[in-house]
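User: I am in my first year and would like to understand the reasoning behind the words used for a protein model. Could you take me through it step by step?

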Amino acid sequence: ERLYNGTKPRRISLPTYPFTRDRYWIPVEEPKGQGITEAFHPLLHQNTSDFYEQRFSTRFTGEEPFLSDHVVGGQRMLPGSAYLEMARAAVSQAVGGWLGEGEGIRLQQVGWVRPLIVGDEPVEIHMGLAVEKDEAIRFDVYRETDEGEEVVYSEGRAELLTEKAPPLVDLSRIRQACGQKELSREAVYTAFSNMGIQYGESHRGIERIYVGQEEALARLTLASPWVHGGLHPGMVDAAIQAGIGLKEDFDQRQPSVPFAMEEVAI
C-alpha cells in the first residue's frame, strides 16, 4: 500500500513460452561450487534450462574419446555423429514420459555449420531446444562468446516418431549386389590417414566394405560400450565413413567431413 501510494497495479498474465529469442536478463555470474556436478550423459553434462529456453550444457576437455580419436588436420574435432546423439539425448530428456515404449525420434534437416575444435583449453557448448508452431522441436548447438554472442555449430529439427519401424533390410541381397570390390579395415584407415584424418580405436569401427554400383555395404564392430539406447558416436561415424567405398579414387581424396544430413530415424 505504501509503495504504490494506495493504488495497487493490475496483474497481467505472462506468456508460458518465449515468443522470441531476444534476451533482456542482466548477466549474473553463477556461484562457484553449486549446481549439478555429475554428468547424466557423456555429451550432455548439465541441465541449464531457464524460462528463456530448454538447454543443456557440456564442457569438453579434448580428452574424451569422441574428440581424441577424431583428429582432422592435426586438430581434435567433434564428429558430426556426436551432434546427432546430443540431439537425441536432449529431446529424450526434455520430453520425459511422453516418449512411450517402442516410440522413437526423427532428426531432420541437420546441418553442421562449422567444426568444433577443442585445443589446449576446454570448451563449453550448449544444446538449446525450442518448440515451433508445427510442434516440431528445433535444436541448435552453440557456444557463447565473452561478448554474449552465439556461435552455432549444428542445428536441425526433431519430432517424436510414433509410426511402426520400417521393414528389415535384406542384407543378403545387398551383399550379393556389392561384389565389385572389397576394402579391408587396414586399407580404409590407411586411406583416411593419408587424407589427414586420424581415427583412434573408438572410431575405427569398419571391419570391411563391400562395394557395388553406387552402393556399399560395411561390416562394423562396436569398439566400446555406450549409453543404453543411444547412438554410439564411433559407430555412427564409422557408418558415415563407409561412404569412402563409393569413391573410386578413395585413397587420393582430400580430407572431408559431413556438412548436412537429411533425416535420421531412431
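**Reasoning from values to words**

Analyst: A good place to begin is the end of a helix: helix α2 is followed by G96, whose phi is positive, near 55°. Please keep in mind throughout that this is a predicted model.

User: How do you know whether α2 is close to the span expected for its 16 residues?

Analyst: The expected span is 1.5 Å times one less than the number of residues, which for α2, covering residues 80-95, comes to 22 Å. The distance from its first C-alpha to its last is 23 Å, and this is close to the expected value.

User: What makes α2 largely enclosed or largely open?

Analyst: A residue is called buried when its relative accessible area is under 20%. In α2, 13 of the 16 residues are buried, so the helix is largely enclosed by the rest of the structure. Strand β5, residues 104-112, is described in the same words, because eight of its nine residues are buried.

User: Why is H126 called buried?

Analyst: The relative accessible area of H126 is 4%, and the limit for the word is under 20%, so H126 is buried. H126 is found in strand β6, residues 123-131, and, leaving aside its neighbours within four places in sequence, it is in contact with residues including R55, F56, D140 and Y142.

User: Why is the link between the side chains of H126 and S57 called a polar contact?

Analyst: The term needs a pair of N or O atoms within 3.5 Å, one able to donate a hydrogen and the other to accept it. The side chains of H126 and S57 are joined at 2.7 Å, so the pair meets the distance limit and is counted as a polar contact.

User: How do you know which strands pair with β5?

Analyst: Two strands are said to pair if there are at least two bridges between them. β5 and strand β8, residues 150-161, have seven bridges in the antiparallel sense, with L107 opposite A158 and G111 partnered by E155. β5 and strand β13, residues 260-265, have five bridges, also antiparallel, and there V110 has M261 as its partner. Both counts satisfy the limit, so both are pairs. β8 is also joined to the antiparallel strand β7, residues 137-144, by eight bridges, and β7 and β8 form a hairpin with five residues between them.

User: What makes β9 and β12 edge strands?

Analyst: They belong to an open sheet of three strands in the order β9-β11-β12, with antiparallel pairing. β9 and β12 each have a single partner strand, so one side of each is left without a neighbour in the sheet. The twist averages 15° from one strand to the next. Helix α4, residues 185-195, packs on this sheet, touching β9 and β11, and its direction makes about 70° with that of β9.

User: What makes a group of residues a nonpolar core?

Analyst: The members must be buried residues of certain kinds, Leu, Met and Phe among them, joined through side-chain atoms within 4.5 Å. The largest such core has 35 residues, and those with the most contacts inside it are F60, L78, M86, L107 and M127. α2 gives the most to this core, with nine residues. A second, separate core has 16 residues, including V72, L183, V211 and A242.

Conventions:
Residues numbered from 1 in each chain as written. Predicted model: local features only at pLDDT ≥ 70, side-chain atom pairs only at ≥ 80, totals over all residues. Heavy atoms only, no water. Buried < 20%, exposed > 50% of the residue type's maximum accessible area, 1.4 Å probe, protein only. Helix = DSSP H or I, 4+ residues; strand = E, 2+ residues; numbered from the N terminus. Axes fitted to C-alpha atoms, helices over the stretch in contact; angles between N-to-C directions. Contact = heavy atoms within 4.5 Å.
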